[in-house]
Amino acid sequence: MTQETKTLGDLASLTGTTPAAVAAAAPVRVQKLDKLGRAYATGKRKNAVARVWIKPGKGKIVVNKKDYQQYFARPVLQMLLEQPLKAANRSDQFDIMVNVMGGGLSGQAGAVRHGISKALTYFEPDLRSILKKGGFLTRDSRIVERKKYGRMKARRSFQFSKR
């Protein structure tokens, strides 16, 4: 004869696991720091790759040995870099050093944002839920489609003439 289940506790007893065991099986996030007390992460966007180091400080952001406001002159790109820090309310608490290469300025700014977000989660694992909700930890996988043979660009064909 089968048992009737009415609550989630009854369902857990059927599988042989308790709710406490399920909660204990959830992954525990641990702080990942190097010998110098910095968190390191790699961010990517289009063809750009950013290597990001975060350490406690006064809020100084250096990109390729220049101040980020000098490297990313457009305010939109500067805002993109600051988004994860503002979402986590950590604007003036970390010094950030970034090496970024490849792609254009827009792709590089997106890569730096992704790297900063990942490094923040490595330094403070509790921030993961906030940054995940904001979409900062998701790598934007859109890249340029390759050019095809017999076409002008990826999808554009040569001009057709009926002569």
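Visitor: Which residues in helix 5 meet Leu77, Leu80, Leu81, Gln83, Pro84 and Leu85 in helix 4?
Guide: Helices here are DSSP runs of H or I with at least four residues and strands are runs of E with at least two, numbered from the N terminus. Contact means heavy atoms within 4.5 Å. On that basis, the helix 4 residues you list meet Leu105, Ser106, Ala109, Gly110, Val112, Arg113, Ile116, Ser117 and Leu120.

Visitor: Good to know! What kind of model is this?
Guide: Residues are numbered from 1 along each chain as its sequence is written, and side-chain values use heavy atoms, leaving out hydrogens and water. Local features need pLDDT of at least 70, side-chain atom pairs count only at pLDDT 80 or more, totals for chains, interfaces and linings use all residues, and the model is predicted.

Visitor: How are helix 4 and helix 5 oriented: roughly parallel or roughly antiparallel?
Guide: The axes of helix 4 (residues 75-87) and helix 5 (residues 105-123) come within 8 Å and cross at roughly 10°. Axes are lines fitted to C-alpha atoms over the stretch in contact, with angles from 0 to 180 degrees between N-to-C directions. Angles under 35 degrees count as roughly parallel, over 145 as roughly antiparallel, 65 to 115 as roughly perpendicular and the rest as oblique. Helix 4 is therefore, relative to helix 5, roughly parallel.

Visitor: Which element gives the most to the largest nonpolar core?
Guide: A nonpolar core is a set of buried Ala, Val, Leu, Ile, Met, Phe, Trp, Tyr and Cys residues joined through side-chain atoms within 4.5 Å. Of the 31 residues in the largest one, Ile54, Val63 and Ile96 touch the most other members. Elements that each supply at least two residues include strand 1 (39-45), strand 2 (48-56) and strand 5 (94-101). The most, seven residues, comes from helix 5.

Visitor: Is Trp53 buried or exposed?
Guide: Trp53 is found in strand 2, and its contacts beyond four places in sequence include Tyr40, Ile96 and Met97. Buried means under 20% relative accessible area, exposed over 50% and partly exposed in between, with a 1.4 Å probe and protein chains only. At 15% relative accessibility, Trp53 therefore counts as buried.

Visitor: Which residue in strand 5 stands opposite Val52?
Guide: Two strands pair if DSSP finds at least two bridges between them. Strand 2 is joined to strand 1 by seven antiparallel bridges, while strand 2 and strand 5 pair in the antiparallel sense over eight. Across from Val52, in strand 5, stands Val98.
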